There are 2 protein chains.
Amino acid sequence: MASFIGLGVGPGDPELITLKSIRLLQEADIVTFICNTEGYSQALDIARQALQLLGLTLEEAKLLAIPFRMTRERDEANQAYDHAADKIARYLDEDRSVVFLCEGDPLFFGSFAYLQERLSGRYHCEAVSGISSPQAASAALGVPLALLAENLCVLSGRHNEPELISHFRDFDNAVVLKAGRSRPQILRALKASGRYQDALYIEYATRAEQRIVTDLDKLEPIPGPYFSLFLVSRHKNLVNRKGNS
Amino acid sequence: MASFIGLGVGPGDPELITLKSIRLLQEADIVTFICNTEGYSQALDIARQALQLLGLTLEEAKLLAIPFRMTRERDEANQAYDHAADKIARYLDEDRSVVFLCEGDPLFFGSFAYLQERLSGRYHCEAVSGISSPQAASAALGVPLALLAENLCVLSGRHNEPELISHFRDFDNAVVLKAGRSRPQILRALKASGRYQDALYIEYATRAEQRIVTDLDKLEPIPGPYFSLFLVSRHKNLVNRKGNS
C-alpha cells in the first residue's frame, strides 16, 4: 500500500534531523511541502541542507510544492487542506510513496495532522518525529524543560491573559509558542503571575538569526516574529554560566 | 575549553537519533553514561545500534560507565550526582571532551540537568536535543500531541489525583509520563475528569516490547512498567484508521 509519511526535519539546524527522516527522504517517490506564495519553504531548505551535509542531493523531479497562504479563516484553511490532500492522493493512487516535510515535529502543532485526517481513511499514514522548537530553545538556553518531579505546559499566543496567568502560576515550567503578535500580553501575564523573573525569550532557535533575551526588561513590549517563544522555568539560574551562550 | 555535552539518543529506535548526536559521539574523547548495577545502559545500547546502522563502531576505550542505583531519596541521589560530576570533571581538567548519553532528550525529564548544574560553573556545558518519549508515543499512536489553537500539559505519575483531574479538565491534550506505579490512580483521574474516552496508553514506545492499548477497559488497573505513558487527546479518532497500527 502506498504510504503518506509526515517527516520531521527539526527546528532549523540541519544537523538536528534524524537518521530515519534522512533515509525516508531518499526512499520517497514524491517529496511534498507547503511553500509560501513566493515558493519558499523553510522545511525544504532544512532537508536540502541536511542531505548536503552527507554529500547527498534531493532530486528536483521528486519535488511537489503546495502553495499555502497562512490564514486564520477556518473555511479558507479547510479548503486549502482539502485541495492539498487531493493533490497528494493522486500520487498515492498511482502507488507512489509521498513524504510531507514538516518543520519541527509533524505531530506537534503542525499542519500534517490536517492532511492525515483527510487521508488516513484510505491510505497508510505515518509520522516520523523531529526535534521541536521548545526542545531547540531549551538547548540553546541551557535550561531544562522539566526535571523529574516537575510538570510542564505548552501554550500558545492565542490564549487570553487570565488563562496565561493561571497556567504560569500552576505549572513549574511553561512554554508559550507563537509568541509574536501577543508578546505585550504575555509580558503582562508574566508580571501578573509573579513569574516574570523566571522567564526567558528566544526567537528563531538554532537558526542563523537566533536571538536570546534573558533579561525581559531588555525585550521591547511590542509584537515580534512568529517563530518566537517564551520559556518560564524553575531553572533560569542555569542560563549564561561559563560557556553557555 | 573542554566541553561536557549531554547527547540525546532518542526514545529507543536507533534511527531516531540526530546527525548531530552521531557526529559528537564520534568526536568525543570520553563517552559516559549511567548504567544499572548490572552494568546495563539503555542509552549506550541505542547509541551503539545507531552507529552500527552507519557501519561505525564505538571504541571501548572511550567508554566510562557510571553505575547508579535509582532512588527517591534526595540525599542519596545528590551524593551520586556529586560523585559522577567529580569523575567527569577529572577528564575535563585533562582537557578531554566528554559526552553524556541520555535516552530521549537531555533537557526533558533527564538526569543531565543535575550534572550540568554541578559542572556548568567551571566548564562549557551544552545539550543536544533528542526525540522524547511523548513524541515517539504520538507517532506510534498516529495522534497529534497538539494542533494549532490547542494546549498541552506534561505531567508525571507523581501528581496526586486532584491535580491530575484538574489538569485533564483544563487542557486539550495531556501526557502523563512515568505512569507505571500510579496507573490505578491515573485511570481513576481519567474517569473523574470525563477524559477516559480520550485517553490512550503506550509502554516502551518504539522499542521491540512496545505495547499500545487504545481501549482502556482492556488495561489492567494495576501498576505497570516505568516506561509507560498515557496520552489524553482531542484527536483519538485518528487512531487505528487504515494502516495505523
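This short talk covers the two domains of chain A and the contact between them.

Keep in mind that this is a predicted model.

Start with the layout. The domain assignment splits chain A into domain 1, residues 3–128, and domain 2, residues 133–238. Their C-alpha centres are 28 Å apart. On the contact itself, domain 1 of chain A brings nine residues and domain 2 of chain A brings 11.

Next, the area. Interface size is often quoted as the accessible area lost when the parts come together. Here, domain 1 and domain 2 of chain A bury about 870 Å² between them. Carbon and sulfur atoms give 56% of that. Which three residues supply the most on the domain 1 side? They are A:Pro11, A:Arg72 and A:Phe109. Together they account for 55% of the area that domain 1 of chain A buries against domain 2, more than any other three residues.

Now the polar side. There is one salt bridge between the two domains of chain A. A:Glu103 pairs with A:Arg207, and their closest N and O atoms are 2.9 Å apart. Four residue pairs are in polar contact across the two domains, counting pairs with both residues at pLDDT 80 or more. By class, the face of domain 1 of chain A that touches domain 2 has four nonpolar, two polar and three charged residues.

Last, the annotation. An unreviewed UniProt entry places "domain: Tetrapyrrole methylase" at residues 4–218 of chain A. Over that stretch, the chain is 37% helix and 20% strand. The end C-alpha atoms of residues 4–218 sit 45 Å apart.

Methods. Residues are numbered from 1 along each chain as its sequence is written. Chains are lettered from A and ligands numbered from 1 in the order in which they are written. This is a predicted model: local features need pLDDT of at least 70, side-chain atom pairs count only at pLDDT 80 or more; totals for chains, interfaces and linings use all residues. Side-chain values use heavy atoms; hydrogens and water are left out. Domain bounds come from an automatic or database domain assignment. Contact means heavy atoms within 4.5 Å. Buried area is the accessible area (1.4 Å probe) that two parts lose on being put together, summed over both. A salt bridge is a side-chain nitrogen of Lys or Arg within 4 Å of a carboxyl oxygen of Asp or Glu. A polar contact is a pair of N or O atoms within 3.5 Å; within protein, one must be able to donate a hydrogen and the other to accept it, and residues adjacent in sequence count only if both atoms are side-chain atoms. Ala, Val, Leu, Ile, Met, Phe, Trp, Tyr, Cys and Pro count as nonpolar, Asp, Glu, Lys and Arg as charged, and the others, Gly among them, as polar. UniProt positions are given in the numbering used here, feature names are shortened, and annotations may be inferred rather than shown by experiment. Helices (H or I, at least four residues) and strands (E, at least two) are DSSP runs, numbered from the N terminus.
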